[in-house]
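Student: Could you take a close look at one part of this model with me? I'd like a connected walk through it rather than a list.

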Amino acid sequence: MIEVSNKLNLNIVLEDYDIDPGKNIIVKGNVKNIRNLDIKNSFLSINFDDNEYKFNLDNSEFVKELNTNVNIKSGKHIINIDVQDNYGNNVQETLEFSIIPKPSDLKNKFNKLEFLPGESVEISSLLYDQANNLIENNAVIKIYDPKNKY
C-alpha cells in the first residue's frame, strides 16, 4: 500500500513561556518530512499579535528570536507557526505564551481634595502595567501623621 501525504512533522517549543515585556521570544524547533527525514530548503512563517516573521530554512533545525515591544499587552498571546517545503508539503502549529505585567504607573484617587481632622478618607489605588492596562491588586496604603506614626 502506498500512502501519499502533504504533511510535515514539526517539533517546536519556546525557550520560556513567561516573557517580560521587551524581551525576546526564542522559538526552537525542527521540521521533518512524513517519513521523519530531515528536510532542506523550507519556508518558516511565525505570526503573533500584529507581527509577522518570515524565514528561509536551509536545514531542519532552527532557533529564531522574536522581539516583543516594551509596551506589549500583559497576559496570554498566541503564536501561529507555518512551515512549507519546496514541494508544497506543510504543517501548522500554535503555541501560547504569557507576558508578565510590569507595574509602570500608580494613581491614587481620593473621595475629595480637602479634609478636616476626624473626617473619613476614601482612597483607591490604581496600578497600571507597561501597556497602560489596570493591574488587579490589593495594595496596602498607610497614612502617616507628622510624627511618622500611622
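Student: Which residue in β5 is the bridge partner of Leu44?

Tutor: That partner is Phe55. Keep in mind as we go that this is a predicted model. The Leu44 and Phe55 bridge belongs to a longer ladder: β4 and β5 run antiparallel to each other and pair over 7 bridges. The two strands form a hairpin with 2 residues between them, and Asp49 in that hairpin adopts a positive phi near 50°.

Now follow β4 to Ile46. Leaving out residues up to four places away in sequence, Ile46 touches Asn51, Glu52, Tyr53 and Phe55, along with Val27, Leu66, Ile79, Asn80 and Ile81. So you meet Phe55 twice: as the bridge partner of Leu44, and among the contacts of Ile46.

Ile46 also takes us to the largest nonpolar core, which has 25 residues. Together with Ile25, Ile79 and Ile81, Ile46 touches the most other members of that core. Seven strands each put in at least two residues: β1 (9–14), β3 (25–32), β4 (42–48), β5 (51–57), β6 (61–66), β7 (75–85) and β8 (90–99). The largest share, 4 residues, is supplied by β8.

From the core, let's turn to the charged pairs. The structure has 7 salt bridges, and three of them are handy to look at here. In one, Lys28 pairs with Glu15, with 3.3 Å between the closest N and O atoms. Lys28 sits in β3 while Glu15 is in the loop between β1 and β2 (18–19), so this contact ties together parts 13 residues apart in sequence. Is Lys28 buried, exposed or in between? Its relative accessibility is 34%, so Lys28 counts as partly exposed.

Another salt bridge joins the side chains of Asp20 and Lys102, at 3.2 Å from N to O. Here the link is between distant parts of the chain: Asp20 lies in the loop between β2 and β3, Lys102 in the loop between β8 and β9 (105–110), and they are 82 residues apart. Asp20 has 27% relative accessibility and therefore counts as partly exposed. Lys102 is partly exposed as well, at 36%.

The last pair I'd point you to is Glu119 with Lys112, whose closest N and O atoms are 3.2 Å apart. Glu119, at 32% relative accessibility, counts as partly exposed, and Lys112 is partly exposed with a relative accessible area of 33%.

Notes. Residues numbered from 1 in each chain as written. Predicted model: local features only at pLDDT ≥ 70, side-chain atom pairs only at ≥ 80, totals over all residues. Heavy atoms only, no water. Core = buried A, V, L, I, M, F, W, Y, C linked by side-chain atoms within 4.5 Å. Buried < 20%, exposed > 50% of the residue type's maximum accessible area, 1.4 Å probe, protein only. Contact = heavy atoms within 4.5 Å. Pairing = 2+ DSSP bridges. Salt bridge = Lys/Arg side-chain N within 4 Å of Asp/Glu carboxyl O.
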